Amino acid sequence: MSRIGKLPIAIPAGVNVTVSADNVVAVKGPKGELSQEIDSSIKVAVEEGQVVLTRPSDSKPHKSMHGLYRSLINNMVIGVSEGYEIKQELVGVGYRATNQGQILELILGYSHPIYFELPKEVKVEAVTDKRANPIITLTSCDKQLIGQVAAKIRSFRKPEPYKGKGIKFVGEQLRRKAGKSANS
């Protein structure tokens, strides 16, 4: 039995959830609007300020889809009401980040700067304080999209295990390795 799928999703004030005939769930709130197509075997109902998902049988595919779609709809409800934020830190001498609108310019020790255009659903802010590492802040109502954008930015220069240089998430613990030992 899917423990996640059984839980009802509470709809906060100001959020509107609609289910169309072709099994598309649309969630509209103060931060934006999102929609997700749901498999036809999973039934979605909005009742008494809650979203309830039911499955036709206890077969393994139905169980897995039950929990999956419940999580996706819950992420959409949280996204349009509160939003999501990811902070990334650039660790390294000379590493810089600036943004002009939706274009993020990264200087990461390569021979050229990297220009990365972000989707319009994701807002970006690059802050550089004196004597501190530059911080990139991404905000969006779509959890999947913001995670994908953050992973792409991180892929430009992943943190290395010796000095920890690269792009890391704020608060992330990196596994560090000892360098060469000077025993001779």
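Modeller: Two strands pair if DSSP finds at least two bridges between them. This is a predicted model, and in it two bridges join strand β1 (residues 9-10) to β6.

Biologist: What makes β1 and β6 a pair?

Modeller: The cut-off is at least two bridges, and β1 and β6 are joined by two. The count therefore meets the cut-off, and the strands pair. They run antiparallel. One bridge partner in β6 is Gln50, which goes with Ala10.

Biologist: How do you know that β5 also pairs with β6?

Modeller: Five bridges join β5 to β6, where at least two are needed. These strands run antiparallel. Lys43 stands opposite Thr54 in β6, and Glu47 stands opposite Gln50.

Biologist: Why are β1 and β5 called edge strands?

Modeller: The open sheet has three strands in the order β1-β6-β5, with antiparallel pairing. β1 and β5 each have a single partner strand, so one side of each is left without a neighbour in the sheet.

Biologist: Which residues of β6 lie on its covered face, and which on the uncovered one?

Modeller: Val51 and Leu53 make up the covered face of β6. Gln50, Val52 and Thr54 make up the uncovered face.

Biologist: Is Glu48 buried or exposed, and how do you know?

Modeller: Exposed means over 50% relative accessible area. Glu48 has 81%, so Glu48 counts as exposed. Glu48 is found in the loop between β5 (43-47) and β6 (50-54). That hairpin has two residues between the strands. Glu48 has a positive phi of about 55° although it is not a glycine.

Biologist: Asn23 has a positive phi as well, near 60°. Is Asn23 buried or exposed, and what makes it so?

Modeller: Asn23 has a relative accessibility of 15%. Buried means under 20%, so Asn23 counts as buried. Asn23 lies in the loop between β2 (16-19) and β3 (24-29).

Biologist: What pattern do the side chains of β11 follow?

Modeller: Along β11 (residues 123-127) they alternate between two faces. Val124 and Ala126 point to one face and are buried. Lys123, Glu125 and Val127 point to the other face and are not buried.

Biologist: How do you know that β11 pairs with β12?

Modeller: Five bridges join β11 to β12 (residues 135-140), against a cut-off of at least two. The two strands run antiparallel. Glu125 stands opposite Thr137 in β12.

Biologist: Which other strands form an open sheet?

Modeller: β8, β9 and β10 do, in the order β8-β9-β10 and with antiparallel pairing. β8 (96-100) and β10 stand at the edges with a single partner strand each, so one side of each has no neighbour in the sheet. The twist averages 20° from one strand to the next.

Biologist: How many bridges join β8 to β9?

Modeller: Five bridges join β8 to strand β9 (residues 103-107), and the pairing cut-off is at least two. The bridge partner of Arg96 in β9 is Ile107.

Biologist: How many aromatic pairs does the structure hold?

Modeller: The structure holds one. Phe116 and Phe156 form this pair, 5.5 Å centre to centre and with 75° between the planes.

Biologist: Why is the pair called edge-to-face?

Modeller: Ring centres must lie within 6.5 Å, and planes over 60 degrees apart count as edge-to-face. At 5.5 Å and 75°, Phe116 and Phe156 meet both conditions, so the pair is edge-to-face. Phe116 is in strand β10 (residues 114-117) and Phe156 is in the loop between α3 (143-155) and β13 (166-169), 40 residues apart. Both Phe116 and Phe156 are buried.

Biologist: What sits over the ring of Tyr110?

Modeller: The charged end of Arg157 does, 4.3 Å from the ring centre. The distance cut-off is 6 Å, so the 4.3 Å of Arg157 falls within it.

Biologist: Which elements each supply at least two residues of the lining of the largest pocket?

Modeller: β4 (32-37), α2 (60-81) and α3 each do. Residues of the lining include Leu34, Gln36, Leu72, Met76, Lys143 and Gln144. About 170 Å³ of space lies in this pocket.

Methods:
Residues numbered from 1 in each chain as written. Predicted model: local features only at pLDDT ≥ 70, side-chain atom pairs only at ≥ 80, totals over all residues. Heavy atoms only, no water. Buried < 20%, exposed > 50% of the residue type's maximum accessible area, 1.4 Å probe, protein only. Helix = DSSP H or I, 4+ residues; strand = E, 2+ residues; numbered from the N terminus. Phe/Tyr/Trp six-rings, centres within 6.5 Å; stacked < 30°, edge-to-face > 60°. Lys NZ or Arg CZ within 6 Å of the ring centre and 35° of its normal. Axes fitted to C-alpha atoms, helices over the stretch in contact; angles between N-to-C directions. 1 Å grid on protein atoms, 1.4 Å probe; cavity = no way out; pocket = protein on both sides within 12 Å on 5 of 7 lines; lining within 4 Å. Points joined across faces, edges and corners; volume = space filled by probe spheres on them.
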